[in-house]
Amino acid sequence: MRILIVGAGSLGSLLGGLLARTHNVTLVGRNPHMSAVQADGLRVTGVETFRTRPGATTDIGAASADLALVTVKAYDTAGVVDDLATCDVGAVCSLQNGMGNEETLAAGLDTPVLAGTTTHGARLAGPGHVEWLGRGRVTIGPWRPADAVDRSERVAAAFRAAGLDATATTDVRHRLWQKLAINAAINPVTALARVENGALTPPGGLADVATAAGTETARVARADGVDLSAATVREAIADVVRETARNRSSMHQDVAAGRRTEIEAVNGYVVERAATVGESVPVNRTLAALIRGWEAGAGHR
Ligand SMILES: NC(=O)C1=CN([C@@H]2O[C@H](COP(=O)(O)OP(=O)(O)OC[C@H]3O[C@@H](n4cnc5c(N)ncnc54)[C@H](O)[C@@H]3O)[C@@H](O)[C@H]2O)C=CC1
Ligand SMILES: CC(C)(CO)C(=O)C(=O)O
């Protein structure tokens, strides 16, 4: 399969490197990372260590591919729509965290849109070098009914052909809301308290705040027509906290590095949807306001 990775940072470089062992992959990203990959290939270390040679460019131009995997931060998705408008791609698949990405892609592109989630962990360690921090899974499904299920299955099969655990689902919205609830719970609390994910292990005040944010999110999901129970979300948060106890969440890493966060696509989205469906989400509202306040102080607003 000919695959474009649009946003070759941490996650995109990892998945691009893994897929390049089997498929024809081109990374689209920024220098100095892209020039390092052009010169010496991509080094992957961690769960597995290997070197691979995907294509690499900073200019997507009028590229043609079977699939474009979107792995930019949520606040850069609109820019990807502009870039892909000049390309010829068979399907676009977001593997980003947060909500709103698929809506943005579907509104701006005349291409089938797939939605995905992944639990792989990645960190760009330097130009040409990505660390694989944790092996995970990929789940993919059609965003709109018209974006046929068999296309999701073909994409999942391409991941499997490259040795990765991947499944297609007909109910990707459920997956997205469940991942949203986990991120709405863990990310802002760990970012504000500057703690590893394991600090959210119950009992304790931080675990209570995180669980409250997650169960509020489940309530909004149900009001939005997605069958996601509070118990399922509580269990999922506890599982992720246990499995990633020594990790710093992506929002914690962003805040620690003084970078903009994905707060609008996570708790910001929950607050916005809650207003539309008539639910009250005071914990998400408070967490979003605190992170926005930090972003304003850091010059991101
Ligand atoms: N890093 C991880 O382990 C995981 C990340 N995610 C999600 O994946 C998404 C990406 O996260 P990361 O890889 O950590 O972020 P990142 O910031 O490391 O990578 C994104 C890259 O996209 C580049 N970029 C932005 N706009 C672009 C454009 N128009 N064309 C080409 N490149 C562009 C940026 O320069 C950056 O290098 C986020 O939504 C994140 O929440 C999800 C699961 C795991
Ligand atoms: C699942 C979790 C919370 C793992 O850290 C994550 O997705 C993130 O950090 O963004």
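Colleague: What makes the pair between the side chain of Asn 187 and ligand 2 a polar contact?
Modeller: In this predicted model, an N or O atom in the side chain of Asn 187 is 3.2 Å from an oxygen atom of ligand 2, and a pair of N or O atoms has to lie within 3.5 Å to count, so the pair qualifies.

Colleague: How do you know that Ser 250 and Asn 97 pass the test as well, and what are their distances to ligand 2?
Modeller: A polar side-chain atom of Ser 250 is 2.6 Å from an oxygen atom of ligand 2, while for a polar side-chain atom of Asn 97 the distance is 3.5 Å. The limit is stated as within 3.5 Å, so the pair of Asn 97 is accepted at the value of the cut-off itself. As for cover, ligand 2 has 280 Å² of accessible area on its own, and the protein covers 85% of this.

Colleague: Which residues form the shell around ligand 2, and why is one of them called charged?
Modeller: Around ligand 2 are Asn 97, Lys 179, Asn 183, Ile 186, Asn 187, Asn 197, Val 240, Ser 249 and Ser 250. They divide into two nonpolar, six polar and one charged; Lys is among the types that count as charged, so Lys 179 is the charged residue, and Ile 186 and Val 240 make up the nonpolar pair.

Colleague: What gives the most residues to that shell?
Modeller: Helix α6, residues 172-193, gives the most, with four residues. Lys 179, Asn 183, Ile 186 and Asn 187 lie within those bounds.

Colleague: How many residues surround ligand 1, and what makes its pairs with Ser 10, Asn 97 and Ala 122 polar contacts?
Modeller: There are 19 residues around ligand 1, the closest being Ser 10, Leu 11, Asp 83, Ala 122 and Glu 262. Oxygen atoms of ligand 1 are 2.9 Å from an N or O atom in the side chain of Ser 10, 3.1 Å from a polar side-chain atom of Asn 97 and 2.8 Å from a backbone N or O atom of Ala 122; each value falls within 3.5 Å, so each pair counts. The protein buries 82% of the 820 Å² that ligand 1 exposes when taken alone. The shell around ligand 1 divides into four nonpolar, 10 polar and five charged residues, and α1 (10-19) and β11 (121-126) each supply at least two residues to it.

Colleague: How do you know that domain 1 and domain 2 bury area against each other, and which residues of domain 1 supply the most?
Modeller: The domain assignment gives domain 1 as 2-170 and domain 2 as 173-297, with C-alpha centres 24 Å apart, and the contact takes 15 residues from domain 1 and 14 residues from domain 2. About 1,500 Å² is buried between the two, 58% of it given by carbon and sulfur atoms. Tyr 75, Asn 97 and Met 99 supply 44% of the area that domain 1 buries against domain 2, more than any other three residues. Asn 97 thus joins this list in addition to its pairs with ligand 1 and ligand 2.

Colleague: How do you know that the peptide bonds leading to Pro 32 and Pro 203 are cis, and where are these residues?
Modeller: Omega is near 10° for the cis bond from Asn 31 to Pro 32 and about 0° for the cis bond joining Pro 202 and Pro 203. Pro 32 is in the loop between β2 (24-28) and α2 (33-40), whereas Pro 203 lies in the loop between α6 and α7 (205-223).

Colleague: What is the phi value of Arg 194, and where is this residue?
Modeller: Phi of Arg 194 is near 55°, a positive value in a residue other than glycine, and Arg 194 is found in the loop between α6 and α7.

Key. Residues are numbered from 1 along each chain as its sequence is written. Chains are lettered from A and ligands numbered from 1 in the order in which they are written. This is a predicted model: local features need pLDDT of at least 70, side-chain atom pairs count only at pLDDT 80 or more; totals for chains, interfaces and linings use all residues. Side-chain values use heavy atoms; hydrogens and water are left out. A residue is near a molecule or strand if one of its heavy atoms lies within 4 Å of it. A polar contact is a pair of N or O atoms within 3.5 Å; within protein, one must be able to donate a hydrogen and the other to accept it, and residues adjacent in sequence count only if both atoms are side-chain atoms. Accessible areas come from the Shrake-Rupley method with a 1.4 Å probe; for residues, only the protein chains shown count as cover. Domain bounds come from an automatic or database domain assignment. Contact means heavy atoms within 4.5 Å. Buried area is the accessible area (1.4 Å probe) that two parts lose on being put together, summed over both.
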